[in-house]
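Work through the exercises below with the sequence and the model open. Try each task before reading its solution.

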Amino acid sequence: MKKITNKAVFFDRDGTIIEEKNYITTVSDIRIYDYVAEGLLELKKRGYRLFMVSNQSGVARGYMAIDTVRSINDEINRRLSKSNVMFDDIFFCPHYPLGIIKEYTIQCSCRKPEIGMALKASQIYNLDLKKCFMVGDKRTDMDFGIRFKARGNILVTTGYGKEKMDYGGIDYVVGSVYEACKIICEKY
């Protein structure tokens, strides 16, 4: 039996790591928020694994191909690598129950707030999910962290986070991913 010791931070993509633009379909639309790389690098130095978890219903809706999502995710990691940091892995859900692309039009266990992506990361990387954090800009991100019993849920006020801050289950509300990383580094 594998020893479970790894701790990690899960990050939403759109509105958290990169600017929210409603269904990004090209790499030229990517804009990583300022100081994201610096914050991620501090977490890496402290032994955290980094994961991006993202609902990408645009695939099921027919707005983009699944390979487009992969290209965009790869480009985010490529840009971050210039600052000597990358996500350990990137998980995304292409499903949406009301989609138009048949193979992706399903009710699934991976679409946040369901915890399929956290469970998959946990299995692959031997994570103790109770030692992990969730950072995101939406209610679904916070519910995702609540459901997998994250050690902390941090809402960033970028993206949709500036619109709704009255949810339960939030441990911190901050202005950026960098601030979220700083809290994790200083308080845990």
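**Exercise 1. Place Val59 and list its surroundings.**

Start with accessibility: at 3% relative accessibility, Val59 is buried. (Buried means under 20% relative accessible area, exposed over 50%, and partly exposed in between, with a 1.4 Å probe and protein chains only.) Then find its element: Val59 sits in the loop between S2 and H2. (Helices are DSSP runs of H or I with at least four residues, strands are E runs with at least two, and both are numbered from the N terminus.) Next, list the contacts (heavy atoms within 4.5 Å). Setting aside neighbours within four places in sequence, Val59 contacts Met64, Ala65, Ile66, Val69, Pro94, Ile101 and Tyr104. Finally, check a distance: Val59 and Glu42 are 17 residues apart in sequence and 33 Å apart in space, C-alpha to C-alpha.

Two ground rules apply throughout. The model is predicted, so local features need pLDDT of at least 70 and side-chain atom pairs count only at pLDDT 80 or more, while totals for chains, interfaces and linings use all residues. Residues are numbered from 1 along each chain as its sequence is written, and side-chain values use heavy atoms, with hydrogens and water left out.

**Exercise 2. Describe how H1 packs against H5.**

Step one is the geometry. The axes of H1 (residues 36–45) and H5 (residues 177–187) come within 8 Å and cross at roughly 15°. H1 is therefore roughly parallel to H5. (Axes are lines fitted to C-alpha atoms, for helices over the stretch in contact, and angles run from 0 to 180 degrees between N-to-C directions. Under 35 degrees counts as roughly parallel, over 145 as roughly antiparallel, 65 to 115 as roughly perpendicular, and the rest as oblique.)

Step two is the contact. From H1 come Val36, Glu38, Gly39, Leu40, Glu42 and Leu43; from H5 come Val177, Tyr178, Cys181, Ile184 and Cys185. By class, this contact has 8 nonpolar, 1 polar and 2 charged residues. (Ala, Val, Leu, Ile, Met, Phe, Trp, Tyr, Cys and Pro count as nonpolar, Asp, Glu, Lys and Arg as charged, and the others, Gly among them, as polar.)

**Exercise 3. Which residues of H1 are buried, and why do they lie on the same side of H1?**

The buried residues of H1 are Val36, Ala37, Gly39, Leu40 and Leu43. They cover an arc of only 165° around the axis, so they fall on the same side of H1. (The arc is that of the directions from the helix axis to the C-beta atoms.) Their cover includes S1 (8–11), S2 (49–55), H2 (66–81) and H5. After H1 comes Gly47, with a positive phi near 90°.

**Exercise 4. Characterise Met52.**

Met52 belongs to strand S2. Its relative accessible area is 0%, so Met52 is buried. Beyond four places in sequence, Met52 touches residues including Phe11, Ile17, Ile76, Phe87 and Phe91. Met52 and Arg79 are 27 residues apart in sequence and 14 Å apart in space, C-alpha to C-alpha.

**Exercise 5. Inspect the backbone of three loop residues.**

Take Asn22, in the loop between S1 and H1. Its phi is positive, about 55°, although Asn22 is not a glycine. Asn22 is partly exposed, at 49% relative accessibility.

Tyr23 is found in the loop between S1 and H1. Phi of Tyr23 is positive, near 60°. Tyr23 is partly exposed, at 35%.

Then turn to Pro113, in the loop between S3 (89–93) and H3 (116–125). A cis peptide bond joins Lys112 to Pro113, with omega about 20°.
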